[in-house]
Amino acid sequence: MRLNEIAVEAAGISVANKTMIGGAATGLVGWLSQVNWIGVIGVAVAVVGLAANIYFQVRRDRRESAESRERIAALKDRCGL
């Protein structure tokens, strides 16, 4: 199950990054073509992608911090500290 969680988070981060880049590109095209609704949609998609990216990065950071604490505790137990 642990491997599944990691795979889901990696996929989520990848999709969020691609969504953010796609939304930013769409917003740029809309701005350059002077079509307001395309620009607004592009910015909205970019913001959603950014929010998803932040969410998954925070989850990854928490998971890695917990793993680090557990490793340090195991090393201290092994060394008798």
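These legends accompany several close-up views of one predicted model.

**Figure 1. Overall view: the protein is built from two helices and zero strands.** Welcome to the whole molecule, before the close-ups begin. The radius of gyration is 19 Å, well over the 12 Å that the globule rule gives for 81 residues, so the protein is more spread out than a compact globule. Along the principal axes, the C-alpha atoms occupy a box of roughly 70 × 25 × 10 Å. Buried residues account for 17% of the 81 residues. The exposed surface comes to about 6100 Å², and carbon and sulfur atoms supply 68% of that area. If you are thinking about contacts, take those between residues at least 6 apart in sequence: 61% of them join residues at least 24 apart.

**Figure 2. Along helix H1: valine 8 and leucine 32 are 36 Å apart in space, C-alpha to C-alpha.** In sequence, 24 residues separate valine 8 from leucine 32. Valine 8 is found in helix H1. With a relative accessibility of 53%, valine 8 counts as exposed, because the cut-off for that class is over 50%. Leucine 32 returns in the next view.

**Figure 3. A nonpolar surface patch: Leu28, Trp31 and Leu32 make up about 380 Å².** Here is a group of side chains to look at together. Leucine 28, one of the patch residues, sits in helix H1, which covers residues 2-33. Its relative accessible area is 47%, so leucine 28 is classed as partly exposed. Leu32, another member of the patch, is the residue paired with valine 8 in the C-alpha distance of 36 Å.

**Figure 4. Between distant parts of the chain: alanine 51 and alanine 16 have C-alpha atoms 8.1 Å apart.** Along the chain, these two alanines are 35 residues apart. Alanine 51 belongs to helix H2 and, at 45% relative accessibility, counts as partly exposed. Alanine 16 appears again in the next view, this time as a contact of asparagine 53.

**Figure 5. A buried asparagine: asparagine 53 has a relative accessibility of 11%.** Asparagine 53 is part of helix H2. Buried means under 20% relative accessible area, so asparagine 53, at 11%, falls in that class. Which residues does asparagine 53 touch, leaving aside its neighbours within four places in sequence? The contacts are Ile13, Ala16, Asn17 and Met20.

**Figure 6. An aromatic pair: tyrosine 55 and phenylalanine 56 meet edge-to-face.** The count of aromatic pairs comes to one. In this pair, the ring centres of tyrosine 55 and phenylalanine 56 are 5.2 Å apart, with 75 degrees between the planes. The edge-to-face label follows because that angle is over 60 degrees. The two partners also differ in burial class: tyrosine 55 is partly exposed, with a relative accessible area of 47%, whereas phenylalanine 56 is buried at 16%.

**Figure 7. A salt bridge in helix H2: glutamate 64 pairs with arginine 60.** A search of the whole structure finds two salt bridges, and this view shows one of them. The closest N and O atoms of glutamate 64 and arginine 60 are 3.8 Å apart. Because the two residues are four places apart in helix H2, about one helical turn separates them. Glutamate 64 is partly exposed at 38% relative accessibility, and arginine 60 is partly exposed at 34%.

**Figure 8. A salt bridge with a buried arginine: glutamate 67 meets arginine 63.** The N to O distance between these side chains is 4.0 Å. Both residues lie in helix H2, four residues apart, about one turn of the helix. Is each partner buried, partly exposed or exposed? Glutamate 67 counts as partly exposed at 27% relative accessibility, while arginine 63, at 15%, counts as buried.

**Figure 9. The surroundings of arginine 63: contacts include Arg2, Ile6 and Glu9.** These three contacts leave out residues up to four places away in sequence. Arginine 63 itself lies in helix H2, which runs over residues 36-79. The bridge to glutamate 67 from the previous view belongs to this picture too.

Definitions and conventions: Residues are numbered from 1 along each chain as its sequence is written. This is a predicted model: local features need pLDDT of at least 70, side-chain atom pairs count only at pLDDT 80 or more; totals for chains, interfaces and linings use all residues. Side-chain values use heavy atoms; hydrogens and water are left out. Contact means heavy atoms within 4.5 Å. Rings of Phe, Tyr and Trp (its six-membered ring) pair if their centres lie within 6.5 Å; planes under 30 degrees apart count as stacked, over 60 as edge-to-face and the rest as tilted. Buried means under 20% relative accessible area, exposed over 50%, partly exposed in between (1.4 Å probe, protein chains only). Patches are made of residues with over 30% relative accessible area and no salt bridge: like charges are joined within 9 Å, nonpolar side chains (Val, Leu, Ile, Met, Phe, Trp, Tyr) within 5 Å. Accessible areas come from the Shrake-Rupley method with a 1.4 Å probe; for residues, only the protein chains shown count as cover. The radius of gyration is taken over C-alpha atoms; the globule rule is 2.2 Å times the number of residues to the power 0.38.
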